[in-house]
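Dear colleague,

I am passing a structure on to you, and below it you will find my notes on how its parts are arranged. Please read them with the model open beside you.

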Amino acid sequence: MSSLDIRSFSATPTEADEKFHAACRKAGVAPVVFTHPLKGPEGEALATTIALLGPHEARTAMMVVSGTHGIEGYAGGGVMVQLLNDASAIRLPRDTAVLFVHQINPWGLAWNRRENEENVDLFRNLLYCDPPYAENPGFDALADALAPAAWSGPVREAADRTLASFVQRNGERELTRIMRLGQHKHPKSLTYHGCGPTWSKRVVDRVIDGWLSRASTVATLDIHTGYGPPGEGLIMSYDQEGSPGLAWLRDWFGEVHVCGHDPLIPVHARWPYDIVADRVPGAKVRTVALEYGTAEVDVLDFDLVRENNFHHLYGDPLSPAGRAVQERFRARFYVETDAWKAKVLKRGVEVFGLTLAGLGRWAAA
Ligand SMILES: [Zn+2]
C-alpha cells in the first residue's frame with residue numbers, strides 16, 4: 001500500500017470535487033455527477049458525485065457516504081480520495097463492489113452548515129421525510145427562542161430569557177431531549193426534519209435504485225465529524241448491551257461507542273442509510289457510523305449553532321459577521337491541521353478495511 005497523503009483533503013467544495021474526479025480517473029472508474037440546483041457562496045457549481053469500484057451487478061456491496069451533515073463532509077471526502085488514489089491496494093472479494101457517494105449534501109458543505117438548502121437535517125430527512133409526522137409539542141413552545149429572528153436587541157434577549165426560564169423549570173436535559181427529538185413544523189428553527197424528500201434524499205433513492213438494486217448483502221459506511229476525541233474515529237451504535245446490533249459491530253471493529261446514555265447524541269431507531277433495505281427487497285443491510293472527534297471539549301457551543309442559524313435564516317451569511325461565524329462553525333467540524341488529517345486518513349482506511357472484511361464474512365455466512 002502506498003503511504004497516506006494528507007493532500008487528499010480539500011479546502012473548498014470545488015477542490016474536493018476535482019480531487020475526487022482525479023482519484024476516480026487514477027482508479028479507472030467513471031464518476032457519475034448529480035448537479036445540485038443551487039450554487040455555492042462563490043457562485044461555484046455544487047454536486048454529489050458517485051463512483052463504483054467493482055462490478056455493477058455485484059451481490060455484495062458497500063456504500064461509503066460523506067457529507068450527510070454538509071460541512072462534516074471534508075473528512076469523509078478526504079478518506080475517499082485516499083482510498084481511490086490507492087485503489088490497487090483494495091482487494092475486492094469476488095462478486096463485491098464499493099460505491100462511493102461523495103458529498104451527498106454539497107450545499108451544506110459549501111455554506112458551512114450541517115443542514116441543507118432548506119434548513120433540513122438530511123440525517124433526519126432520510127429517516128422521517130414521509131408522513132405521518134410525529135408531533136413534538138415541547139418544541140413548538142421553544143422554536144422561536146431556539147432560533148431567534150435577531151441576534152441582538154430585544155428579540156434575542158427575550159429568546160434567551162425563554163430558554164433560561166425553561167431550563168430553570170425543567171432542567172437542561174429536558175431541553176436537550178426536546179431538541180434531539182426534532183420536528184417537522186418550524187422550517188427556520190433547529191433539528192428540522194423537513195416535510196417530504198429533499199434533493200439529497202431523492203439522489204440517495206436514485207443511487208440505491210440504480211447501483212444497489214441487485215445487491216443482497218449491503219454495508220453502508222456513513223462518515224461524520226464533531227463528536228469524540230480529536231482525530232479519533234469512533235464506531236457509533238444506537239444498540240444497547242446484549243443486542244445483536246452491538247454484537248456484530250464488536251465482531252467487525254472491536255471497540256464500539258454506545259450512544260444510548262449520552263445526552264449529547266440523539267438516539268434513533270435505525271441509521272439513515274438503513275433505508276437501503278426499504279428500496280432493495282430482500283437485501284440485508286448494516287450501517288457503520290464513523291464519527292471523528294474535532295475538539296478537546298465535546299460540548300458543542302449552543303450559541304454558535306444558533307448564531308450560524310440566524311445568519312443563514314434571517315441575516316446575511318456573506319456579511320462580515322456572517323462569514324466570521326461560518327469560519328468558527330467550520331472549524332468545529334473540520335480541523336485543518338496536518339496531524340488531524342493524518343489521523344483521520346489512518347483510521348478511515350482502517351475502518352474501510354474492517355468494514356469490507358466484516359461484510360465479506362457476513363455475505364458468506
Ligand atoms: Zn454528523
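To begin with one helix pair, Ala-75, Gly-78, Val-79, Gln-82 and Leu-83 in H2 meet Lys-341, Val-344, Leu-345, Gly-348, Val-349 and Phe-352 in H14, where a contact means that the C-beta atoms of two residues, placed from the backbone, lie within 7 Å. Sorted by class, this contact has seven nonpolar, three polar and one charged residues; Ala, Val, Leu, Ile, Met, Phe, Trp, Tyr, Cys and Pro count as nonpolar, Asp, Glu, Lys and Arg as charged, and the others, Gly among them, as polar.

Two remarks on the source belong here. This is a predicted model, in which local features need pLDDT of at least 70 and side-chain atom pairs count only at pLDDT 80 or more, while totals for chains, interfaces and linings use all residues. Residues are numbered from 1 along each chain as its sequence is written. Helices (H or I, at least four residues) and strands (E, at least two) are DSSP runs, numbered from the N terminus.

Helix H2 (residues 73-85) and helix H14 (residues 338-364) pack with their axes 9 Å apart and at an angle of about 65 degrees; the axes are lines fitted to C-alpha atoms, for helices over the stretch in contact, and angles run from 0 to 180 degrees between N-to-C directions. The crossing of H2 and H14 is right-handed, that is, the near helix is turned clockwise from the far one by less than a right angle, whereas anticlockwise would make it left-handed.

A second helix pair is H7 (residues 154-170) and H8 (residues 172-181), whose axes come within 6 Å and cross at roughly 115 degrees. H7 and H8 are therefore roughly perpendicular to each other, a label given to angles of 65 to 115 degrees, with under 35 counted as roughly parallel, over 145 as roughly antiparallel and the rest as oblique. Phe-166, Val-167 and Asn-170 of H7 make this contact with Glu-172, Glu-174 and Leu-175 of H8.

Turning to the strands, there is an open sheet of eight strands with mixed pairing, in the order S1-S2-S4-S3-S5-S8-S6-S7, where two strands pair if DSSP finds at least two bridges between them. Its edge strands, each pairing on one side only, are S1 (32-39) and S7 (257-258). S1 runs antiparallel to S2 (residues 45-53), joined by five bridges, and Phe-34 has Thr-48 in S2 as its bridge partner. H2 lies across S3 (60-66), S4, S5 (217-230) and S8 (284-293), running at about 135 degrees to S3.

Of the 14 residues of S5, 10 are buried, so S5 is largely enclosed by the rest of the structure; buried means that 20 or more other C-beta atoms lie within 10 Å of a residue's own, exposed that 12 or fewer do, and partly exposed in between, with C-beta atoms placed from the backbone. S5 is parallel to S3, with seven bridges, and parallel to S8, with 10 bridges.

Finally, S6 (residues 233-237) is mostly covered, five of its five residues being buried. Gly-233, Ile-235 and Ser-237 are buried on one side, and Leu-234 and Met-236 on the other. S6 pairs with S8 in the antiparallel sense over four bridges, and with S7 in parallel over two.

With best wishes
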